[in-house]
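The report below walks through a structure by way of its strands, its ligand shells and a few individual residues. Please keep the sequence and the coordinates at hand while reading.

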Amino acid sequence: MKPFKIALVNAPALGILDPWTDEPDFPRPSLAVLAAYLREKTEYQILCIDAKFDRLSFDRTIEKILDFAPDIVGFTAFTPEIKPSAYVAAKVKSANPNIVTVIGGAHLTALPDRTLMEFPHFDFGIAGDGEETLLEFCETVRVGGDFDRVKGLIHRVGSQIIINPARPRILDLDELPIPAWDMFRKAKHYWIQSAKGCPFKCHFCMNHNGRVARKNSVQKTLDEINFLLDNYQPEWIRFGDELFSVDMNRTSELLDEMVRQNMAGRFKWDVQTHVKYTSRELFKKFKLAKVTQVDMGVESGDSYILKHIGKGTNLDMIAEAFRIAHEEGVPTGSLIVLGQPNETKETVQKSIDIAVKINPQIPMFGIMVPFPGTEIARMAAKGEGGYINLSTNWDEYRKQVGGAVDFALISRKKVERMQFAGYLKVFIWNLRFWDLARFIWDYRIEGITILKKILKNGTGFLDMFDKMPVDYEAILKSEHTPTYDDMIFSREQWDIIQSDEMKRTNKLRPDLIKSQLPIKFSTAHAAIDINEQVLSSEVQS
Ligand code: B12
Ligand code: SF4
């Protein structure tokens, strides 16, 4: 019998403006995770085509898909990747209309029906966690069946687009197999995820994995690391967890085990977390386990802004977390977003100043992007928060070099100049000239792109995409251009889905909610309990 075939695709980049994202040294985790799940459960023939990792052109990507002759092609896409994915889907469908196309990932999850309306070349969409839905969907295509029954699926019935009820999240991540890294060439870096989800509600983040953190056990996490070490000897393992230390007891145990199993120092590794989920005890353990970097969200240096962005932090908590990390010798990264609601030159300056003060190993200044599904997108669509000129051209939705929105109280150009100056100031003010030289070398392409953009007369940057196919815009011309109402609606819908999910999880696994309430180690951490209150009141109602 002819095998059932599925190709899983990460589309090519439109240009190399930021090598971290456009020309990565790592394979795309979503493809590896979905392929592993399908392989474990089925006999399908599976091909992963990671065009960014393999530096494939659009033509070569399309050719590879068509040569494989799949029954289904599944595309993965963050917001700035949705148009390139749709372009590939359109070309594949025009060459072979029998191939079924399906899109999944954060963008589709934020704008489920709107994505299918904008891009008719996607036959189906899958929102949220993809593993179980993709399997059920493939089986429905393979043996025939009713698409209405597949939770999490978005599909067409005549000219109508139907969003099926959301699929409950997989609560125990240990159920999932180790990602199918063998379906890619050997890489220098790998991203793994030991926890998914985050209890906070930052205005600029959609929190697409939900507000209840779900975790791998310590053993499963160690197995994933050991699997990579044994088979691929990576230089760097990066944790894609929103909050690596969301369950501080689990993290503490994991760090002890990493030391006990002599993992420390065998590879570089880094994590992201929230200042509230840190403590001196934990930083000591991070140090022993030789973490390369702990990134923490600072977001803004202005106390009013900080108080209103849903992060549940204040300037004291932030300063204390970075101070303790320094004292314990743990290298840090600070994440700051310029272009917060009603941002001015003065508040941007405060954000740069706090970065100078906390003096992280690596400072990171992104510029606000109103990603769909976020509160910022809703505000920008309503003209609130000093946001103007909101674009719905998804190619502009990039944090380092982008242009999705402008700011009424400070020009984008000014923000870009201050962003550039901010990077320099952190190093120069702290007399870290060697670190500055290294930073400039490591991020030279990003730096040149930002500089080029600053020096350009116009404000656009889309002409820097030198790999954009000539027929790109023509192929993607749509009958439905996304509207501001779409952005507002998507935020409201997403809030409802998130809140239902929290209540459902609390009924099934109250321990998951409990384990993510931070342990209080210091007075500064005890100062703000907004999110604990939000968490407990939301789940109880
Ligand atoms: C690691 C990471 C990165 C890394 C690596 C990205 C990469 N190319 O792999 C780096 C640092 C480079 C990065 C860059 C960016 N990132 Co990022 N990143 C993450 C992070 C932390 C983990 C992603 C991950 O790999 N998870 C593991 C995989 C298995 O999960 P997953 O991708 O979500 O896939 C699951 C489902 O979404 C779904 N699914 C996904 N694809 C498909 C496809 C099909 C067919 C199906 C059925 C299902 C499906 O099923 C999967 C399994 O359950 C997330 C936050 C988070 N913790 O999730 C942000 C996140 C994905 N990033 C985000 C953003 C915005 C970006 C940038 C655009 C930022 C920027 N510079 O402007 C860039 C864009 C990158 C690009 N290629 O264009 C947003 C996405 C929002 C959005 N609307 O798109 C997120 C959600 C962060 C946030 N909360 O805002 N990122
Ligand atoms: S802390 Fe905020 S930015 Fe980070 S994942 Fe949670 S909601 Fe998103």
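In strand 4, isoleucine 103 is the bridge partner of phenylalanine 75, where strands (E, at least two residues) and helices (H or I, at least four) are DSSP runs numbered from the N terminus. The chain crosses from strand 3 to strand 4 through helix 4, residues 82–95, in a right-handed β-α-β crossover; right-handed means that, with the strands pointing away from the viewer, the path from the first strand over the helix to the second runs clockwise.

The model is predicted, so that local features need pLDDT of at least 70 and side-chain atom pairs count only at pLDDT 80 or more, while totals for chains, interfaces and linings use all residues. Residues are numbered from 1 along each chain as its sequence is written, and chains are lettered from A and ligands numbered from 1 in the order in which they are written.

**Strands and their pairing**

Strand 3 and strand 4 are parallel and share five bridges, pairing being assigned if DSSP finds at least two bridges between two strands. On to strand 5 (residues 124–126), strand 4 is joined by three bridges, again in the parallel sense, and here isoleucine 103 has glycine 125 as its bridge partner. Four of the five residues of strand 4 are buried, a residue being buried if 20 or more other C-beta atoms lie within 10 Å of its own, exposed if 12 or fewer, and partly exposed in between, with C-beta atoms placed from the backbone.

Elsewhere in the chain, strand 14 (residues 332–338) pairs in parallel with strand 15 over six bridges, and serine 334 stands opposite proline 363 of strand 15. Together with helix 13 (residues 345–358), strand 14 and strand 15 form a right-handed β-α-β unit. The side chains of strand 15 (residues 362–367) alternate, in that Pro363, Phe365 and Ile367 point to one face and are buried, whereas Ile362, Met364 and Gly366 point to the other and are not.

**The nonpolar core**

The largest nonpolar core, a set of buried Ala, Val, Leu, Ile, Met, Phe, Trp, Tyr and Cys residues joined through C-beta atoms within 7 Å, has 132 residues, and those with the most contacts inside it are Leu8, Val9, Ala35 and Leu338. Helix 2 gives the most to this core, with eight residues. Leucine 338 is in contact (C-beta atoms, placed from the backbone, within 7 Å) with residues that include Phe365, Ile367, Val415 and Met418, leaving aside those up to four places away in sequence.

**The ligand shells**

The shell around ligand 1 holds 39 residues, of which Gly74, Thr76, Gly104, Gly130 and Gly240 come nearest; a residue is near a molecule if its C-beta atom, placed from the backbone, lies within 6 Å of it. Among the elements that give two or more residues to this shell are helix 1 (19–22), strand 3, strand 4 (100–104) and helix 7 (131–143), and the largest share, four residues, comes from helix 2. The residues around ligand 2 include Cys198, Cys202, Cys205, His274 and Lys311.

The table sets out both shells by class, with Ala, Val, Leu, Ile, Met, Phe, Trp, Tyr, Cys and Pro counted as nonpolar, Asp, Glu, Lys and Arg as charged, and the others, Gly among them, as polar.

| Shell | Nonpolar | Polar | Charged |
|---|---|---|---|
| Ligand 1 | 18 residues | 14 residues | seven residues |
| Ligand 2 | four residues | three residues | three residues |

**Individual residues**

Threonine 76 lies in strand 3 and counts as buried because it has 25 C-beta neighbours inside 10 Å. Its contacts, apart from neighbours within four places in sequence, are Asn10, Arg28, Ser30, Leu31, Gly104 and Gly105. Threonine 76 and histidine 107 are 31 residues apart in sequence, and their C-alpha atoms are 9.1 Å apart in space.

Proline 29 belongs to helix 2 and is partly exposed, because 18 other C-beta atoms lie within 10 Å. Not counting residues up to four places away in sequence, proline 29 touches Pro179, Trp191, Gln193 and Gly240.

Most residues other than glycine have a negative phi. Alanine 69, however, in the loop between helix 3 (58–68) and strand 3 (72–76), has a positive phi near 50 degrees. Asparagine 389, in the loop between strand 16 (387–388) and strand 17 (406–407), also has a positive phi, near 55 degrees.

Technical notes: Two residues are in contact if their C-beta atoms, placed from the backbone, lie within 7 Å.
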